[in-house]
Structures are given as structure tokens and as C-alpha cells.
Amino acid sequence: LPGMTLKVPSDELKEKYQAATLLDMERAVSVREVESPSWNPATQKMELFEDWGLRTQESSWARVTFHNGGLLKLDANSMAILKSPKKTDHELELKRGTIHTTVARVVTPSARIVPKGGDTKYSAQILDDLSTRVKVYKGAADVQDLKGRKNIEVKAGFYTDVALDRAPATPTKMPNVDLAMAPDIRGMNGRSDAQVKLRVGGAPA
């Protein structure tokens with residue numbers, strides 16, 4: 001009725017609107033809200049909500065934490081869309097560039113990546129032909145094409161490429177130099193104390 005306030009249980013709001021928090025960043029990082037045509041400068045510790053875009057420019061990077069404690073680093077010249085894991089089966093949609101992450105499930109133009117176990121560390125990179133290269137530095141990850149025709153396990157020290165509309169390639173052992181360059185995406189103390197916020201009606205709670 002007019003004038004009445006609809007009360008929604010907090011647990012339901014958490015399941016619907018949970019997203020992520022921007023832990024820290026370097027140089028030119030911007031965000032785009034849902035249905036907004038423009039990108040705006042990001043700030044450290046800001047709240048990131050469902051379906052918001054996150055973009056980095058040249059020589060820039062951003063690091064976020066998800067509701068489940070997972071960490072993700074977005075490299076320079078990259079763009080991603082944050083998703084609600086309660087409404088989809090992944091936390092992030094990578095549109096361009098490279099990410100390094102722990103327990104986040106990621107979808108790219110050609111692949112779906114699901115880490116196995118809480119200690120997994122991997123990267124996903126979209127190449128010029130829109131294929132995806134997945135490198136696993138620790139633990140293991142399941143990688144499949146978007147049509148779900150083939151699923152492979154990529155273990156630590158291996159990588160796979162997934163071309164558009166193709167099944168994942170057989171995992172190949174990474175050169176030692178790639179393993180040595182595995183990024184450390186943790187904070188100084190190895191954990192994040194950032195709190196995930198909620199968005200209600202398109203605005204921060």
C-alpha cells in the first residue's frame with residue numbers, strides 16, 4: 001500500500017546483493033555502476049556491487065576481496081564485471097586483460113574456471129584472439145569451454161589455452177620462469193579484513 005515500507009530479511013539481502021570491496025589500487029583505476037554509461041575514478045576501500053565494472057589503465061592495477069574471503073588482482077589494461085555468486089555460478093566475468101586470484105570462479109569469453117580447494121592460486125589471461133590462457137601456480141582448477149563440452153583439471157605448474165568455441169587444450173607444463181613469477185596477491189599480513197557491503201535499490205546500504 002502507498003506509504004508502507006517493505007521490510008526484507010537481512011539474510012535475503014545478503015544473498016541478493018553481496019559483491020566485493022576494493023582493497024587497494026595503483027594509478028588509473030575506474031568503476032562503472034549498473035546501467036551507467038560512464039566510468040568514474042575508483043578509490044581505495046570503496047564498495048563494489050553486483051554487475052559493477054572495474055577497469056585498469058596502463059601501468060595500473062587493482063586488488064579486491066570477495067564475500068567468501070577470496071582475493072583477486074586485476075592487472076593493467078584489464079576490465080571485469082563483478083557478479084553475485086548467489087545468482088550466478090561465478091564471482092567475476094573477465095572481459096579484457098589478466099587476473100590473478102585464489103578462490104574466485106571466473107568466466108571469460110571462451111572459458112569457465114573453477115578453483116579446487118581454498119589454497120588454489122591461478123591466473124586467467126584473455127589473448128588477442130579472445131582465447132583464454134589459464135595458469136595454475138598452486139592447487140588445481142577445473143577449466144571448461146562455455147558450452148560445457150569438456151572439463152579438464154589443471155594442476156599446479158601447468159597451463160591450458162581455451163579458444164573461442166573450442167574445448168580446453170591438454171594442460172602443458174609451465175616453464176620454470178613462469179612459476180618463479182607467480183604473483184603474491186595477498187595483503188601484508190596474508191589476509192584481508194575488508195568487509196563486504198550491500199547495495200539496496202542501487203545505493204550503498
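This passage walks through a predicted model, starting with its confidence and moving on to its strands, a few chosen residues and its core.

Confidence comes first. Across the chain the pLDDT averages 79, and 73% of the residues reach a score of at least 70. Two stretches fall well outside that group. Over residues 4-11 the pLDDT is below 50, and this stretch has just 1 contact in the model beyond near neighbours in sequence. Residues 187-205 also stay under 50 in pLDDT, but here the model has 36 contacts beyond four places in sequence.

Much of the strand pairing described here involves strand 12, which covers residues 111-126. Strand 10 runs antiparallel to strand 12, and 4 bridges join the two. Strand 11, a short run at residues 106-107, is also antiparallel to strand 12, this time through 2 bridges. One bridge pair here is valine 107 with arginine 112 in strand 12. Getting from strand 11 to strand 12 takes a hairpin of 3 residues. Then there is strand 13, residues 132-145, which pairs with strand 12 over 12 bridges, again in the antiparallel sense. Within this pairing, glutamine 125 sits opposite arginine 133 of strand 13. Strands 12 and 13 make a hairpin too, with 5 residues between them. Leucine 130 lies in that turn and has a positive phi of about 70°.

Histidine 100 ties into this picture. Its place is in strand 10, which spans residues 98-101, and its bridge partner in strand 12 is serine 123. Is histidine 100 buried or exposed? Its relative accessibility is 10%, so histidine 100 counts as buried, given that the cut-off for buried is under 20%. The histidine 100 side chain also has a polar partner: it makes a polar contact of 2.9 Å with the side chain of aspartate 75.

Aspartate 51 offers another polar contact to look at. This residue is found in the loop between strand 4 (47-48) and strand 5 (53-56). Aspartate 51 counts as partly exposed because its relative accessibility is 29%, which falls between the 20% and 50% limits. Which residues does aspartate 51 touch, leaving aside its neighbours within four places in sequence? The contacts are Val34, Ile81, Leu82 and Lys83. With lysine 83, the side chains are joined by a polar contact of 3.0 Å. The two residues are 32 apart along the chain, yet their C-alpha atoms are separated by 5.5 Å.

Aromatic rings come next. A search of the whole structure turns up 1 aromatic pair. The partners are phenylalanine 49 and tryptophan 52, with ring centres 4.7 Å apart and planes at 90°, so the pair is edge-to-face. An angle over 60 degrees is what puts a pair in that class. Both phenylalanine 49 and tryptophan 52 are buried.

Last comes the nonpolar interior. In soluble globular proteins, nonpolar side chains tend to be buried together. In this model, the largest nonpolar core has 35 residues. Leu48 and Ile99 have the most contacts inside this core. Strand 12 gives the most to the core, with 5 residues. Strand 12 thus turns up in the core as well as in the pairings with strand 10, strand 11 and strand 13.

Notes: Residues are numbered from 1 along each chain as its sequence is written. This is a predicted model: local features need pLDDT of at least 70, side-chain atom pairs count only at pLDDT 80 or more; totals for chains, interfaces and linings use all residues. Side-chain values use heavy atoms; hydrogens and water are left out. pLDDT is the predictor's confidence in each residue, from 0 to 100. Contact means heavy atoms within 4.5 Å. Helices (H or I, at least four residues) and strands (E, at least two) are DSSP runs, numbered from the N terminus. Buried means under 20% relative accessible area, exposed over 50%, partly exposed in between (1.4 Å probe, protein chains only). A polar contact is a pair of N or O atoms within 3.5 Å; within protein, one must be able to donate a hydrogen and the other to accept it, and residues adjacent in sequence count only if both atoms are side-chain atoms. Rings of Phe, Tyr and Trp (its six-membered ring) pair if their centres lie within 6.5 Å; planes under 30 degrees apart count as stacked, over 60 as edge-to-face and the rest as tilted. Two strands pair if DSSP finds at least two bridges between them. A nonpolar core is a set of buried Ala, Val, Leu, Ile, Met, Phe, Trp, Tyr and Cys residues joined through side-chain atoms within 4.5 Å.
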